[in-house]
Amino acid sequence: MRSLCFIALLVTSATLFAGEFKSKVIQMNDSIMIPLEGDQVLFIRNFTQDGGTTRGTVTIRKSNTLVLTATILTTSNSNFEPVNSIVVSGGAEVTVTCGDGNSCFISYKKDIKQPE
């Protein structure tokens, strides 16, 4: 009985944490690629950059379309920029590139598309 409860707990916890957001730090002038299968969707919740003037970008490689630029965070600017979120449908490769700031920070989650 104890083994059955333990297995049920493991299955439940794996299901609960499967769709959590991931966070990555990308160094200046570096990039990461996030592949999306046809049945997946990508949620980008936060894309910020520490200083610099050339913004980091999120592009969809399939169509070479720029879909998001990084919000630049600096202590010298009293005007705060909005932090934008986007959703990208599957069947594409998403490339995240950091601009000339110190580093970029991105939070994202891949999930399965819900049927319409």
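**Close-up views of a predicted chain**

**View 1. Val58 meets its partner across two strands.** Val58 stands opposite Val96 in β8. As you explore, keep in mind that this is a predicted model. The two strands shown here are β4 and β8 (residues 92-97), which run antiparallel and are joined by 4 bridges.

**View 2. On to the hairpin of β4 and β5.** Strand β4 (residues 57-60) also pairs with strand β5 (residues 65-69); the two run antiparallel, with 4 bridges between them. A good place to start is Thr57, which stands opposite Thr69 in β5. Now follow the chain into the turn: the hairpin has 4 residues between its strands. Which residue of this hairpin takes a positive phi? Asn64 does, with a value near 50 degrees.

**View 3. Stepping back to see the sheet of four strands.** The strands of this open sheet follow the order β2-β8-β4-β5, and their pairing is antiparallel. Strands β2 (31-36) and β5 stand at the edges with a single partner strand each, so one side of each has no neighbour in the sheet. On average, neighbouring strands of this sheet are turned by 20 degrees against each other, direction ignored. If you look along a strand, it helps to remember that side chains in a regular strand alternate between the two faces of the sheet.

**View 4. Where β2 joins the sheet.** How many bridges join β2 to β8? There are 6, and the two strands run antiparallel. One pair to look for is Ser31 and Thr97: in β8, Thr97 is the bridge partner of Ser31.

**View 5. A disulfide between Cys98 and Cys104.** A disulfide joins these two cysteines, with a distance of 2.4 Å from S to S. The count for the model comes to 1 disulfide. The link of Cys98 and Cys104 is right-handed, with 80 degrees about the S-S bond. Are these cysteines buried or exposed? Cys98 has a relative accessibility of 3%, so Cys98 counts as buried. Cys104 is buried as well, because its relative accessibility is 1%.

**View 6. Gly99 in the loop after β8.** Gly99 is found in the loop between β8 and β9 (103-112). Gly99 counts as buried because its relative accessibility is 5%, under the 20% cut-off. Which residues does Gly99 touch, leaving aside those up to four places away in sequence? They are Met28, Asn29, Gln49, Thr54, Arg55, Gly56 and Cys104. Arg55 deserves a second look: Arg55 and Gly99 are 44 residues apart in sequence, but 4.7 Å apart in space from C-alpha to C-alpha.

**View 7. Asn46 in strand β3.** You can find Asn46 in β3, which covers residues 40-50. Asn46 has a relative accessible area of 18%; buried means under 20%, so Asn46 falls in that class. Beyond residues up to four places away in sequence, Asn46 touches Val83, Phe105, Ile106 and Ser107.

**View 8. The whole chain, for orientation.** The chain has 1 helix and 9 strands. From the N terminus on, the elements run α-β-β-β-β-β-β-β-β-β. Of the 116 residues, 31% count as buried. Among contacts between residues at least 6 apart in sequence, 76% join residues at least 24 apart. The chain exposes about 7800 Å², and carbon and sulfur atoms supply 56% of that area.

Conventions
Residues are numbered from 1 along each chain as its sequence is written. This is a predicted model: local features need pLDDT of at least 70, side-chain atom pairs count only at pLDDT 80 or more; totals for chains, interfaces and linings use all residues. Side-chain values use heavy atoms; hydrogens and water are left out. Two strands pair if DSSP finds at least two bridges between them. Buried means under 20% relative accessible area, exposed over 50%, partly exposed in between (1.4 Å probe, protein chains only). Contact means heavy atoms within 4.5 Å. Accessible areas come from the Shrake-Rupley method with a 1.4 Å probe; for residues, only the protein chains shown count as cover. Axes are lines fitted to C-alpha atoms, for helices over the stretch in contact, and angles run from 0 to 180 degrees between N-to-C directions. A disulfide is a pair of cysteine sulfur atoms within 2.5 Å.
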